[in-house]
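Reader: I would like to go through this structure and ask what lies behind the words used for it. Where do we start?

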Amino acid sequence: MIILESVSEIRRVLKDTPGSIGFVPTMGALHMGHEALIKKSKIDNDVTVVSIFVNPAQFNDLKDFKSYPDTFKEDVEKLKNLGVDFIFNPKASEIYLEEDNIRVSDIIESKLIEGEKRPGHFDGVLTVVLKLFNILNPDRAYFGEKDFQQLSLVRKMTKSLFLNIEVVSVPTLRDEKGLPFSSRNQKLSSKGLKAAQEVAAIFSQSTSKKDFIDKFKNMKFSHEGIDLEYVEEQWGRILTVYKVEGVRILDNRELKHENSH
Ligand code: AMP
């Protein structure tokens, strides 16, 4: 496994690498969700590249950016064990050039739901994804359904800009209680984790936005300070963010109608 930090180096190495390239973009603090994407890329491609880059442009909250978990050493071990070929771990100055004010945006969808709560977030996501696509030139790129709106916007960008890259999605990986794996879960205390799992359980049983809100209100949580930031129905899915100990927990799933079989 080769770890590279510079754009020119990874370009040079990948240019001479034969076969198909699968790319898994991450912000590190790797967990089972990331592993699922990587395993799929390993099956589909000759070479797998994982990027670890905490993208400053997608954080609308500086505190969130500064406190984003960093487990680089453990991440490298995990990636080695998974048989990843290349890690791309650039510095921010390598990706965002001086006076780099270029941003990619979707003028409608990126303003909705998660985009409404985090202004500029999806511009930052699309910008970094396009930069990474252009640097690595992969055949396939892997994204989780966990970030459903992100997946949808990346697909739209790829189509709109005629990028010759197949976007592959992977279902959300959850712990034994149904809570989606997430790097930010590492910030939760054990009590906070239990409370998040309690919300995840009622989310999985909710049949509509109203049903989830009702269940949430009637819930007797084992922990204080759990807030429902939003729940929306969109794209045939139910999407939510709730906060536990100040940590935003993002989840979504397909909306199953009560009378559907
Ligand atoms: P992140 O490091 O949080 O930016 O996530 C990198 C990629 O992993 C994104 O495509 C996410 O949607 C995906 N991902 C994160 N958590 C999960 C999960 N629990 N299940 C499946 N994919 C995930």
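Author: With a pair of residues: Tyr242 stands opposite Ile249 in strand 9. Keep in mind that this is a predicted model.

Reader: How do you know that strand 8 and strand 9 are paired, and how many bridges join them?

Author: Two strands count as paired if there are at least two bridges between them. Eight bridges join strand 8 (residues 237-244) to strand 9, and the two run antiparallel. The condition for pairing is therefore met.

Reader: Why is the sheet of strands 7, 8 and 9 called open?

Author: Its three strands come in the order 7-8-9, with antiparallel pairing. Strand 7 (226-234) and strand 9 (247-254) each have a single partner strand, so one side of each is left without a neighbour in the sheet. Neighbouring strands here are turned by 15 degrees against each other on average, direction ignored.

Reader: What makes you say that helix 9 packs on the sheet?

Author: Contact means heavy atoms within 4.5 Å, and helix 9 (residues 190-205) touches strand 7, strand 8 and strand 9. The direction of helix 9 makes about 160 degrees with that of strand 8. Helix 10 (residues 209-218) lies across strand 7 and strand 8, and runs at about 165 degrees to strand 7.

Reader: Which residues of helix 4 are buried, and why are they said to line one face?

Author: Helix 4 (residues 72-82) has the buried residues Asp75, Val76, Leu79 and Leu82. Seen down the helix axis, they fall within an arc of 130 degrees, so they line one face. An α-helix has 3.6 residues a turn, so residues three or four places apart point the same way.

Reader: What does the face turned away from the buried side of helix 4 carry?

Author: That face carries Lys73 and Asn81, which are exposed. Exposed means over 50% relative accessible area, whereas buried means under 20%. The cover over the buried residues of helix 4 includes strand 1 (2-4), helix 2 (32-44), strand 3 (47-52) and strand 4 (86-88).

Reader: Which residues touch the most other members of the largest nonpolar core?

Author: Ile10, Val49 and Phe88 do, in a core of 32 residues. Helix 7 (121-136) is among the elements that each supply at least two residues, and its share, 10 residues, is the largest. Beyond its neighbours within four places in sequence, Val49 is in contact with residues including Ile10, Phe23, Phe88 and Leu136.

Reader: Which residues does the second core include?

Author: Leu179, Ala196, Ile238 and Tyr242 are among its 18 residues, and this core is separate.

Definitions and conventions. Residues numbered from 1 in each chain as written. Predicted model: local features only at pLDDT ≥ 70, side-chain atom pairs only at ≥ 80, totals over all residues. Heavy atoms only, no water. Buried < 20%, exposed > 50% of the residue type's maximum accessible area, 1.4 Å probe, protein only. Helix = DSSP H or I, 4+ residues; strand = E, 2+ residues; numbered from the N terminus. Arc of directions from axis to C-beta. Axes fitted to C-alpha atoms, helices over the stretch in contact; angles between N-to-C directions. Core = buried A, V, L, I, M, F, W, Y, C linked by side-chain atoms within 4.5 Å.
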